Amino acid sequence: MSDTTTNWSRSDDAMIERSIRGGASRRELLKLMLVNGMAMAAASTVLGRASQAVAATPVKGGALKAAGWSSSTADTLDPAKASLSTDYVRCCSFYNRLTFLDQAGVPQMELAESIESSDAQTWTIKLKKGVTFHNGKDLTSDDVIYSLKRHLDKATGSKVAAIAVQMTGFKAVDKNTVEITLASPNADLPTILSMHHFMIVADGTTDFSSGNGTGAFKCKQFEPGVRSIGVRNPNYFKGGPNVDSFEFFAIQDENARINALLSGDIHLAAAINPRSVRLFDGVNGFALSKTTSGNYTDLNIRMDMAPGNNRDFVEGMKYLVNREQIVKSALRGFGVVGNDQPVSPANFYHNAALKPKAFDPEKAKFHFQKAGVLGQPIEVITSDAANSAIDMAVIVQATAAQIGMKLDVKRVPSDGYWSNYWLKAPIHFGNVNPRPTPDILFSLLYKSDAPWNESRYTSEKFDKMLAEARASLDQAKRREIYNEMQIMVSEEAGTIIPAYISNVDAVTEKLKGLEPNPLGGMMGYAFAEYVWLAT
Amino acid sequence: MTTSTSSGRRGIRLGYRANLVGISALGVILLWVVVALFAPHMIPHSVGEIVDTDYFGPVSRDLWLGSDYLGRDIFSRILMGARYTLGISLAAVSIACFSGVALGMTAAVAGGWLDTMLSRFLDALNSIPSKLFGLVVVAAVGSSIPALIATLSVIYTPGAYRFARALAVNVNTMDFMVVARIRGEKLPYLIASEILPNILGPVLADLGLRFVFVVLLLSGLSFLGLGVQPPYADWGALVRENIGGLPFAAPAVLFPSLAIASLTISVNLLIDNLPRRIRDRSPE
Amino acid sequence: MRRQISSLVMRRLLIALITLLIVSIAVFSATALLPGDTATILLGQSATPEAVEGLRKAMHLNDPAIIRFLKWIAGIFQGDFGTSYANNVPIANLIHGRLANTMKLAGLTAAIAVPFALTLGITAAMWRGTLYDRIVTVATIGIISVPEFMIATLAVLLFAVYLKWLPALSFTNETKSFYDLMRTYAMPVMTLTFGVSAQMIRMTRAAVVETLNTPYVEMALLKGASRPRMVLRHALPNALGPIVNAVALSLSYLLGGVIIVETIFNYPGIAKLMVDAVSTRDLPLIQTCAMIFCLGYLALITAADIVAVLSNPRLR
C-alpha cells in the first residue's frame, strides 16, 4: 500500500476484493483498513462496495438519473467550449475521443484503431471502420481534422487552444487515416487526445445543440441550465450502453444533492462533501466512490511583486502552511498531502521521493523576520471559486496569528474570480483541474512564458528540460527529467500546493460498474456508458 | 383616546406601563448587546483556531456548544458573531426605516409630482435584484462593513417607504389633517406631530419584520464577498457554513439558529409590547 | 368612480413604461459596472487576451455595450427579445417554459398563503394581547427567522428522506395527475408560504390594531358593539390600504426571490435564470428577466393602489 495512507485507491479496493474471495472475515478486513488510517465510517462503506462488486455481471435496461454540481445557461454540447463537469459528462455520453485513459492512466484506443509515430513529431492515426454519427453519417478522416482544427480558430473559444496550437499540419491520407504534424516532437500526443475537449464532431458542425456524435447515447433533450436526456444509441460501435436512457442535471446545493440520492430520486450524486460521508455510515443501499486524480487548490505568491519578490517571504509561507491539518480539517482526510508541485500521485511520473516541507512555525517566523514583514498586515485573496480555498486560508491565518504574523484574509465573490483576481493579486488562491501529463501541467503553469504562470516562475533551465522531455520517446529518461523538474518547482516556484483533493461520488448500490479514473470523478466523467442498474 | 400622562397607576416603570413579556424581550436584547460589546473578552477560544480534531462535535465541557465544520469552537464564534449580526442589522434597519418612513410620509402629505417621482424611483430601485446590486457594490467600492450596511439599507428602503406611504395616505385624509392644514401648519410639523403618531404602531411592526429580513440577507451578502470577512462570521453565516450538520442535528447549526431566533423574536415581542403610551399615541 | 379608476390605470400604464425604461437603464449600468464580459467568463481560466479577442469577435460582442443595449431596446418594440450571448438561443425560447413554471409556483403559493395569512393576522388583531395572539406572533417570527435554505432542507430530510412521502426534486414535466401535482409542489409551496406569510400576518395585525384604536371604533365598542363585528365591518375596510400593500410586497418576492427554493428542489424557474444571466454577463437575458420582475412588481403594486383607493372613500 502507498505511503500516503489516506489515499484509498482502486487498487486498494481490488486488494479487498481479493481478500474477500480468499475468505477474509469482515472484522479482519476492517482492521486492515483501519490500520491504514481510514476512518471507520469510510471503511465500512468501502467494504460494502467491494463485496458487492464480486458478484457483478452487467444487466441491460433501466433509466439512469444522475446529478452533478454545477449548471447554468452557459451549458454547452460543444466539446471545445466545455468548461464544467456537467459539460464533460454530457459530451462523454454523446461523443467519443480518439483515445481515452484507463484506470492506470494509460491511453487506450477509442475511435482510433492505432496512433503511431517514429519521431514523435509526425503521427499517423488510423480510424476504426464502421463508426457512424447519430444522424447516420460515417466517421471519416475529414471529421477528425475538422474537430481538431477548430481549436486553432480563435472564434471557436476553445479551452485547449494553448495545447492544440502545437498541431501544425493535418493531412487526410485516406478516408480512415489522418496524419498530424506537430511544431516540435511530443511523445504525449495519444494522451493529449484523450482530453475531453478533443471529442470528435461531424465535419462542418456549427450548431452543437443536437449533440450529433458517435457516442453511446443520442441526445433526446437538452436544455442549458435545466437538464439533458440521452437515449441508447443502438448503432454504438462499442455495442451500446447498458442503460436505456441517461438523464443528467445539476443540483448545486450539496445537501439537496445527497437528499435526492437518499430519497431515491437519483442514482448518483457527484462530488459530495467529505463531511457528508458520515451520513452514509450505517445506511444500507449506498456506496461511495473516491478518486484522487490531481485536482488541487494552491496558494499562489507572485514573485514579481511585493511581498513575494522577497525570497524569504515565500520560504516563510511554505513553512507556515500546515499541510497535515489542511488534509485533516479542511478535507477531512479526503486528500493527499502535496509537496508544492502539480504532478499528483495518480500520475505515472509522480516523484514519490520528493517529501513535502514540514510544518515549522519557528522557521517561518525566522524567514518573515528576515524579510521584515512580521507584524505587517498582508492581504490574502480567497474565494469560493477555488475548492476549499476559504477553509485553507482560515487555517493558514490562524497559524500565522500564533507567530505574530497578521494575514488579512479577504473573501471575494466567486463571480468573475478567474478574470479579476486569479493570476493578478499578489497573494491569492487558484484551483487546477487534473491534467493527464506533466508536460501539459508544466507548459500551462510553470514554463517562463506559460499562460497561467501563477507565481511568475522563470527558469531557462526548466524551459530547456521541458522541451527535452517532451521530444523523448525514452520513458526512463523522461521520468528522470520530470523528477528533477518536480523538485525545481517545489523548491523554487511561489505556488504552495498543500494537498491533492479527492473527489467522492455517492451512488445507490443499484448502480454497478463505477470505477475511478485519473481524468476525474464519475469515471473520468464517462460513467454513463459503462455502468448498469441492478434490479 | 386619551393616554395616561400621569405616572403612578398600575405597574409603573420609568413612567411607562410595561408588561412582563416586553421586559423579558428587552432583557434578551440587552443581554446580546452586552455580549456584543464585551465578546473579545468573553470568548474561551480564538474564533479562527481549530480546537477539535473532529467536526460538528457535540456539546462538551471544553466546547460548550460543540465544534463547527472545521473543528472551531462554536460558542466563541457565536459570541463574536453577535457583534456583526446586532451591529450591522440594527444600523441597516434604522437607516432603511428612517429614510423610508420619512420619505413615505413626505410623499403622502406633499402629494403631487413629488409623490409620483419618489414612488416611481423607489419602485425602480426595488426592481433591481439584490444579488446584482450586491455584486455591483463589491465591484464599485469594494468590500467593507459600511458598504454592507449601505447596501442593506438601500435594499430595504423602498419597502419601508411603500408601507409607510400607504398608512400615511389614509391618515392624511382625516379631518384633523384638514384642520391642521387650514391652521397653516408646515410640512415638518404635519409629518412629525400629526402623521407619525398615528402610524407609529404599524411602522414599528414593519421595522421589527425588516430587522429579521436584514439579519438573514446579511449572511447572503457576506457569501457574495460583501462584508464580514473570515475568520469572523455573522450568525446567518454560521448557520450557512454549518448547514451540512443538519442531518446530524449538529449543535453547530442549531445554536446559531437559536441565537437568531432569540434575537429576532425578542425584537418583535418588544415592539408588540411597548408601553401603550409610546406605541399608540393618538391625536389629542 | 369607475372613470377615476380607469384614469388611474391609464396613468399608471404610462408611468409603468417610464419605470421600465429607468429600470432597464439602471440594470444596464449595473451590468456594465461588473468586471468581465461574456467572452472572459465563458473562457474562465483559459481567458488569454488573444482567446478573448477572438471569441468576442465571433460572438459579435465587439460593438460598444451601449450600442448593443440600444439595439436590444429597438428589438423589444418589434417583439424581439434578442439572443442569449451565452448559448445563442433566442431569449423567448429560454424564458418561455421557465416563466410558466415560476407563475405556477407563485400562483399556487399565493392562493394558499394570502387567505392563510389574512385569517391569522385579522384574528390575532381581534384577540389582541391574548395567548392566541402571542402564539401567532412568536410562531410567525420564529419561522421567518429560520433561513429559507434550512426550512427547505429540513422539509426534504423529513418528507423525502425519512418518511419517503414526497420526491426530493420537483420535476414539473413529469406531473400527469392532480396527485402528482400535489406531490411535486407540496414542499416548495410550503417553504415559500412560510417565507411570505409572515410579512402579511404581521402587517395585517398591525394595521387592524391601529384602526381599532381610532376614537370612532373605541366609542362603538364602548356602546356595546361586538369586537369581531367591529373588526370586519369597520376596522378591516379602513386598514385595507396598508394590508394590500403588504400583500403586494410579499407576493412580489415570489417572482425573483425564490432562488433558494428553485435551487434546492431543482425547479427550473426564472430566478435561477436571472442568476445565471448575471454570472455570464448575458445582457439581453439579464434585461429580459429584469423587465419581467419589474412588470410583475408594478402590476402587483398598481393593484394594491387601486384597492387602497377603492377602500377609502376620501381618496376617491
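A residue is counted here as buried if 20 or more other C-beta atoms lie within 10 Å of its own C-beta atom. By this criterion, in what is a predicted model, buried residues account for 56% of the 284 residues of chain B. The C-alpha trace of chain B extends over about 75 × 55 × 30 Å along its principal axes, and its secondary structure consists of 10 helices and two strands, arranged along the sequence in the order β-β-α-α-α-α-α-α-α-α-α-α. Of the contacts in chain B that link residues at least 6 apart in sequence, 72% join residues at least 24 apart.

Confidence in chain B has a mean pLDDT of 85, with 90% of the residues at 70 or more, but it varies between elements. Helix α2 (residues 74–110) of chain B has the highest value, at a mean of 95, whereas strand β1 (residues 12–13) of chain B has the lowest, at a mean of 40. Over residues 1–15 of chain B the pLDDT stays under 50, and for these residues the model has 14 contacts beyond four places in sequence.

In an unreviewed entry, UniProt lists residues 20–39, 84–113, 133–156, 207–228 and 248–271 of chain B under "transmembrane region". For two of these spans the geometry in the model was examined. Residues 207–228 of chain B are 82% helix and 0% strand, and the end C-alpha atoms of this span lie 23 Å apart; residues 248–271 of chain B are 88% helix and 0% strand, with the end C-alpha atoms 36 Å apart.

The largest nonpolar core comprises 336 residues, and those with the most contacts inside it are A:Ala269, A:Ala506, B:Ile78, B:Ala164, B:Ala168, B:Val214 and C:Val208. Helix α7 (residues 187–224) of chain B makes the greatest contribution to this core, with 20 residues. Apart from its neighbours within four places in sequence, C:Val208 is in contact with C:Ile122, C:Ala125, C:Val231, C:Ala235, C:Leu236 and C:Ala239.

In chain A, A:Met392 is located in helix α12 (residues 389–402). A:Met392 is classed as buried because 29 other C-beta atoms lie within 10 Å, where the cut-off is 20 or more. When neighbours within four places in sequence are set aside, the contacts of A:Met392 are with A:Thr297, A:Leu299, A:Ile326, A:Ala330 and A:Pro498. A:Met392 and A:Arg323, which are 69 residues apart in sequence, are separated by 9.3 Å in space, C-alpha to C-alpha.

Conventions. Residues numbered from 1 in each chain as written. Chains lettered and ligands numbered in written order. Predicted model: local features only at pLDDT ≥ 70, side-chain atom pairs only at ≥ 80, totals over all residues. Helix = DSSP H or I, 4+ residues; strand = E, 2+ residues; numbered from the N terminus. Buried ≥ 20, exposed ≤ 12 C-beta atoms within 10 Å, placed from the backbone. Contact = placed C-beta atoms within 7 Å. Core = buried A, V, L, I, M, F, W, Y, C linked by C-beta atoms within 7 Å. pLDDT = per-residue confidence, 0-100. UniProt positions renumbered as here; feature names shortened; annotations may be inferred.
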